[in-house]
Amino acid sequence: ATAAAVAAAAVAAESDGAEDDEDLGLSVEERQMLEEENEAIFKEMDNMQDEAKATQSKLAEIARLQDVFIGHVAEQAKVIDDVYETAIESTENVKRGNEDLTSALKHNKDFRMWILFFLVVLSFALLFLDWYN
């Protein structure tokens with residue numbers, strides 16, 4: 001029943017369209033030109049819609065890539081902070097190492113003085129014992 005109603009409405013619209021064309025005074029050629037123009041406009045609009053969909057999908061891809069990029073930048077910021085902290089710790093360790101080396105050199109110098117003093121005292125003790133004998 002509905003298919004018959006749709007077909008009847010289409011025939012009525014076509015006959016109304018024909019009467020409208022006759023009322024407007026359009027010839028068959030003019031009517032054909034208008035239909036071709038309508039077809040061209042429809043194709044252009046269809047192409048525009050396809051381009052809009054393509055642009056929309058490209059924008060969605062750009063947004064996804066931007067999210068990935070933001071994630072990588074955040075990871076890099078964390079790594080940079082870790083490298084910075086490690087560099088500061090290394091600088092402190094080098095300073096402490098230099099202080100320890102300076103201290104070791106000083107203690108080594110003191111140790112050498114004591115050894116020299118001990119050897120001189122022992123040498124004089126041996127000379128004294130040799131003289132005493």
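**Note on aromatic pairs, salt bridges and exposure in a helical model**

1. Ring pairs join Phe128, Trp131 and Tyr132 into a cluster. The structure under discussion is a predicted model, and the points below should be read accordingly.

2. In overall terms, the secondary structure of the protein consists of two helices and zero strands. Of the 133 residues in the protein, buried residues make up 1%. The protein exposes about 12,400 Å², and carbon and sulfur atoms supply 64% of that area.

3. The aromatic pairs number three in total. Trp114 and Phe117 form an edge-to-face pair, with 6.0 Å from centre to centre and 90° between the planes. The rings of Phe128 and Tyr132 have centres 6.1 Å apart and planes at 20°; the pair is therefore stacked, given that planes under 30 degrees apart count as stacked.

4. How are Trp114 and Phe117 placed along the chain? Both residues lie in helix H2, which covers residues 28-132, and they are three residues apart, about one turn of the helix. As to accessibility, Trp114 is exposed, and Phe117 is exposed as well.

5. Phe128 and Tyr132 also belong to helix H2, where they are four residues apart and thus separated by about one helical turn. Is Phe128 buried or exposed? Phe128 has a relative accessible area of 49% and is partly exposed, because the exposed class requires a value over 50%. Tyr132, with a relative accessible area of 63%, is exposed. The stacked pair thus joins a partly exposed ring residue, Phe128, to an exposed one, Tyr132.

6. Which residues make the nonpolar surface patch of about 490 Å²? The patch is made by Phe111, Ile115, Phe118, Leu119 and Leu122. Among them, Ile115 lies in helix H2. Ile115 has a relative accessibility of 38% and counts as partly exposed; this value also meets the requirement for patch residues, because that requirement is over 30% relative accessible area.

7. Turning to charged side chains, the count of salt bridges comes to three. Side chains of opposite charge can pair when their charged atoms come close. The three contacts are taken in turn below.

8. Arg31 forms a salt bridge with Glu35, and their closest N and O atoms are 3.6 Å apart. This separation qualifies because the cut-off is 4 Å. Arg31 and Glu35 both lie in helix H2, four residues apart, which is about one turn of the helix. Arg31 counts as partly exposed at 35% relative accessibility. Glu35 likewise counts as partly exposed, at 46% relative accessibility.

9. Arg64 forms a salt bridge with Glu61, in which the closest N and O atoms are 2.7 Å apart. Arg64 and Glu61 are three residues apart in helix H2, so about one helical turn separates them. The relative accessible area of Arg64 is 43%, and the residue is partly exposed. Glu61 is partly exposed too, with a relative accessible area of 35%.

10. The side chains of Asp82 and Lys78 meet in a salt bridge at 3.4 Å, N to O. Asp82 and Lys78 both lie in helix H2, four residues apart, about one turn of the helix. How exposed are the two partners? Asp82 is partly exposed, with a relative accessible area of 36%, whereas Lys78 is exposed, with a relative accessible area of 54%.

11. In summary, the predicted model has two helices and zero strands, and 1% of its residues are buried. Helix H2 holds the edge-to-face pair of Trp114 and Phe117 and the stacked pair of Phe128 and Tyr132. Helix H2 also holds the salt bridges of Arg31 with Glu35, of Arg64 with Glu61 and of Asp82 with Lys78.

Definitions and conventions:
Residues are numbered from 1 along each chain as its sequence is written. This is a predicted model: local features need pLDDT of at least 70, side-chain atom pairs count only at pLDDT 80 or more; totals for chains, interfaces and linings use all residues. Side-chain values use heavy atoms; hydrogens and water are left out. Rings of Phe, Tyr and Trp (its six-membered ring) pair if their centres lie within 6.5 Å; planes under 30 degrees apart count as stacked, over 60 as edge-to-face and the rest as tilted. Buried means under 20% relative accessible area, exposed over 50%, partly exposed in between (1.4 Å probe, protein chains only). Patches are made of residues with over 30% relative accessible area and no salt bridge: like charges are joined within 9 Å, nonpolar side chains (Val, Leu, Ile, Met, Phe, Trp, Tyr) within 5 Å. Accessible areas come from the Shrake-Rupley method with a 1.4 Å probe; for residues, only the protein chains shown count as cover.
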